[in-house]
Protein chains: 2
Amino acid sequence: MVVYELSEEQTNKVFRALADATRRDIVARTLHAEVSISTLAADYDMSFAAVQKHVAFLESAGLVSKIARGRERIVRGQPDTIRHAQQLLSSLEEIWRQRINRLDDFLADEAT
Amino acid sequence: MVVYELSEEQTNKVFRALADATRRDIVARTLHAEVSISTLAADYDMSFAAVQKHVAFLESAGLVSKIARGRERIVRGQPDTIRHAQQLLSSLEEIWRQRINRLDDFLADEAT
DNA sequence: GTATCGTACAACCAAATGGTTGTATATGAA
DNA sequence: TTCATATACAACCATTTGGTTGTACGATAC
C-alpha cells in the first residue's frame, strides 16, 4: 500500500472533520455507497445548506469526493484518507509500545 | 482487549483534541515518557498558560492524565483512548471493505 | 416554456477555540 | 523566612465553527 505524507495542516483538517457526529455519519454512509447531497441532507435535522457545508469540509479534508451527475452531486467516501488517520494513530500507539519495551528491558536489568 | 464505548460527545472531543499539531506532539511525548507541564511548555513557542490549556483539553478528552508530584503535574499519555479512535476509524474502513465485497458479488453475478 | 429540483454561495449570528496577560497559591530551595 | 518555581484560573480578544436565511442558476420534468 502506498502511503502519502499529509501536511500538518491537512492532518489537522482530517481530525477536525472527524470531530463531528454528522460528518462521521456522512463519511460512513458515503463509504457504504455513493449518495447525493440532497439524499444525505434529508436524514439530518438541519438545513440543506448546513449539510452542504459539512460535505464541503469533508471534501477539503479529503475524506469524501464529489462528482457531478446531472443536477446532482454524488458524494463518495475516500478510504485512503481514513487510512492516513489510522496510520498516525498507529504511530502514536507504537511510541507507547516501545516505551513498554524499554520498561521491560529496565526490569530485566534490575533482575540481574 | 476490553473496549469501552465512548459517547458521541467524547468521540468528538478525542478527534478535536487530535486536530492540533501541538496537542498531537504532547500526546506523542507523554506516551513516550512522563513529563511535567513546564517541561512540555519549554519546547513550544507559546505561553505556559496556552500549553496548560492544551493539556487540560487533552485530559478532558482522555488522551492524557495528570498526577501531582510535589509542585509539578506529571502528564502521561493514555493509549486506551488512542485505541478507541483507532477502532472507530477501523469500523469506517470496514464499511468500505464490505462495499467492495458487495461489488465483487455483483460482478460475479454478472459473469454467470 | 415554465415550474421544480439540486446545488452553490453570500451574509449573518452565537458559541467555541486558541491564544494572551494578570493574579493567586502551594511547593521547594537558599 | 524569603524567594523562586510550577501550577491554576479568570478575564479578555480575534478567529473559526456550525448553524441560519436568502438569492441565483443550471438541469430536469411537465
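1. Contact between the chains. In this predicted model, the interface brings 32 residues of chain B into contact with 32 residues of chain A. About 3000 Å² is buried between chain B and chain A, and carbon and sulfur atoms account for 62% of it.

2. Charged and polar pairs. Four salt bridges are counted between chain B and chain A. One pair to inspect is Glu93(A) with Arg83(B), a salt bridge whose closest N and O atoms are 2.8 Å apart. Ten residue pairs, both members at pLDDT 80 or more, are in polar contact across the interface of chain B and chain A.

3. Elements on the chain B side. At least two residues each of the side of chain B that touches chain A come from helix 1 (8-18), helix 2 (21-32) and helix 5 (79-111) of chain B. Helix 5 of chain B gives the most, with 14 residues. By class, the side of chain B that touches chain A comprises 16 nonpolar, six polar and ten charged residues.

4. The aromatic pair. Over all chains the rule yields one aromatic pair. The ring centres of Phe15(A) and Phe15(B) lie 6.2 Å apart with the planes at 25°; because planes under 30 degrees apart count as stacked, this pair is stacked. The pair crosses between chains, joining helix 1 (residues 8-18) of chain A, which holds Phe15(A), to helix 1 of chain B, which holds Phe15(B).

5. Burial of the two rings. Are these residues buried or exposed? Phe15(A) has a relative accessible area of 1% and is therefore buried, the cut-off being under 20%. Phe15(B) is likewise buried, with a relative accessible area of 1%.

Conventions. Residues numbered from 1 in each chain as written. Chains lettered and ligands numbered in written order. Predicted model: local features only at pLDDT ≥ 70, side-chain atom pairs only at ≥ 80, totals over all residues. Heavy atoms only, no water. Contact = heavy atoms within 4.5 Å. Buried area = accessible area lost by both parts, 1.4 Å probe. Salt bridge = Lys/Arg side-chain N within 4 Å of Asp/Glu carboxyl O. Polar contact = N/O pair within 3.5 Å; in protein donor to acceptor, adjacent residues only side chain to side chain. Helix = DSSP H or I, 4+ residues; strand = E, 2+ residues; numbered from the N terminus. Nonpolar A, V, L, I, M, F, W, Y, C, P; charged D, E, K, R; others polar. Phe/Tyr/Trp six-rings, centres within 6.5 Å; stacked < 30°, edge-to-face > 60°. Buried < 20%, exposed > 50% of the residue type's maximum accessible area, 1.4 Å probe, protein only.
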